[in-house]
Amino acid sequence: MNYSVKKIGQILNATTQIDSKIVTGVSFDSRKVKSGDLFVALVAENDGHDYVQQALTKGATAVLVDDRHQIDSKIPAIIVSDTLLALQQLGEYRRHQINPKVVAITGSNGKTTTKDMASAIMGSQYKTFKTPENFNNEIGVPLTLLTMPDDTEVLVVELGIDRPGQLTTLSELVSPDIAIITMIGEAHIEFFKTRENIAKAKLEITKGLKSQGTLLIPYDEPLLTNAQVKQNVQTFGQDIKDINSSSSKTIFTYQNTRFAIPLLGRYNVMNALAAISAGILLHIELKNAAEALQHFDLTKNRTEQLTTSHGVNLISDVYNSNPTAVAAVLATLKIIPATHKYVVLGDMLELGEQAASLHACLAETVINANVDGVYLVGPLMNKYLYPILQRRFDSAHLHQYETDQLAELIKDLQTLGENGDVILLKASHGIHLENVVNALVK
């Protein structure tokens with residue numbers, strides 16, 4: 001990115017002052033501003049206009065502000081009616097200026113892992129850029145567009161939602177050539193009420209999908225396969241052969257090519273096949289895709305495999321959680337070869353009125369996983385799942401903690417298990433089990 005304040009003003013049809021300054025980056029967090037950045041003063045819980053001077057002191061070249069706030073005439077600025085809308089418009093402009101092929105990914109689970117896999121695959125033959133961390137909302141997506149390098153040939157972008165209509169905006173912003181829906185689960189069901197409504201919201205990704213673009217969906221999800229979509233639709237997930245899991249990887253065969261991914265579980269095979277299918281559409285050779293997937297950069301806390309100081313294997317999946325995702329990861333735990341296996345389950349958030357039944361319904365899944373111990377964290381797990389599991393586990397093998405008792409949980413887990421045993425941790429991010437994981441691997 002290398003725009004003058006004047007050029008940004010022209011793009012946004014906005015008023016500018018001291019417009020000869022050159023902008024080389026963008027930030028909305030005054031604490032993270034770098035020299036050359038445009039500081040975007042967003043109005044949310046905190047008003048970014050209160051931090052304009054701090055951003056300038058940190059090195060911001062100019063500021064993007066709204067016309068309801070006074071700004072010193074000596075400050076390089078672009079003045080608009082809505083700074084968030086302007087940020088999105090600027091991102092959209094850059095998307096079309098650079099004009100990469102865009103692979104957009106959404107879904108109730110697996111978005112980030114699929115993004116990481118797809119980026120690795122595309123990167124085997126193209127100059128590829130992907131959504132940093134979890135920048136997948138109305139702010140993060142335009143920032144992704146504005147930070148991609150000038151020579152980007154393929155952009156892999158993650159799109160997240162928590163309400164109807166949101167994905168329409170994001171899809172139209174990135175105008176994808178390929179759109180992927182990883183799966184339909186119960187994430188954000190508090191707001192959507194039913195899985196059918198979640199599927200409808202995820203299908204909004206087609207609103208910006210190019211008319212000649214392709215939508216990739218799992219073959220076994222009727223809420224998607226029965227949907228009416230104007231663009232080309234292809235399914236992924238069928239015709240897999242010879243799936244085998246060890247303690248550190250999953251191997252499978254697809255189109256006569258052997259793949260090995262450093263992740264566990266059939267659900268991650270599905271994520272891989274979504275990414276591979278996108279690669280095929282962009283003419284990636286399968287041998288290159290297979291090589292790329294052997295060692296790819298996985299965003300932190302997405303089914304990470306770690307080891308404690310005394311050799312216990314940790315499976316950390318503590319960024320989000322819903323019943324479908326818990327069932328999938330417990331099915332994986334069941335087939336991992338280990339002498340002893342333990343599971344730490346934290347509350348699944350944003351389930352609304354269905355929270356009680358959806359936590360209680362995990363009981364059979366937990367019991368069938370054949371684990372040696374269960375550790376529950378949070379008021380929902382303790383109220384709705386714990387009483388049911390008490391019928392099958394004695395007090396030595398069933399434990400409960402409140403969310404402010406993570407120190408006690410850490411202490412109990414630090415002496416749990418022996419070399420080669422497995423502890424799985426799964427929860428919504430709001431439970432902060434990442435702090436437990438970090439303590440165990442110190």
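In this predicted model, Asn-13 lies in the loop that links helix H1 (5-12) to strand S2 (15-17). With a relative accessible area of 74%, Asn-13 is exposed, because exposed here means over 50%. Its backbone also deserves attention, since Asn-13 has a phi near 55°, a positive value in a residue other than glycine. Most residues other than glycine have a negative phi.

A second residue of this kind is His-283, which is not a glycine and yet has a positive phi of about 65°. His-283 belongs to the loop between helix H10 (266-281) and helix H11 (286-294), and with a relative accessible area of 62% His-283 counts as exposed.

Strand S15 (residues 250-254) offers another setting, for four of its five residues are buried, so the strand is largely enclosed by the rest of the structure. On one side of the pairing, strand S14 (residues 240-245) runs antiparallel to S15 and is joined to it by four bridges, with Asn-244 standing opposite Ile-251 of S15. S15 also pairs in the antiparallel sense with strand S16 (residues 257-261), over five bridges, and here Phe-252 stands opposite Phe-259 of S16. S15 and S16 form a hairpin with two residues between the strands, and in this hairpin Gln-255 takes a positive phi near 50°.

Further along the chain, the surface carries a patch of negative charge in which Glu-402, Asp-404, Glu-408 and Asp-412 gather. Of these residues, Asp-404 is placed in the loop between strand S21 (398-401) and helix H16 (406-414), and at 65% relative accessibility Asp-404 counts as exposed.

Technical notes. Residues numbered from 1 in each chain as written. Predicted model: local features only at pLDDT ≥ 70, side-chain atom pairs only at ≥ 80, totals over all residues. Heavy atoms only, no water. Patch = residues over 30% accessible without salt bridge, like charges linked within 9 Å, V, L, I, M, F, W, Y side chains within 5 Å. Areas by Shrake-Rupley, 256 points an atom, 1.4 Å probe, with all protein chains shown as cover. Salt bridge = Lys/Arg side-chain N within 4 Å of Asp/Glu carboxyl O. Lys, Arg positive; Asp, Glu negative; His and termini not counted. Charge placed at Lys NZ, Arg CZ, Asp CG, Glu CD. Buried < 20%, exposed > 50% of the residue type's maximum accessible area, 1.4 Å probe, protein only. Pairing = 2+ DSSP bridges.
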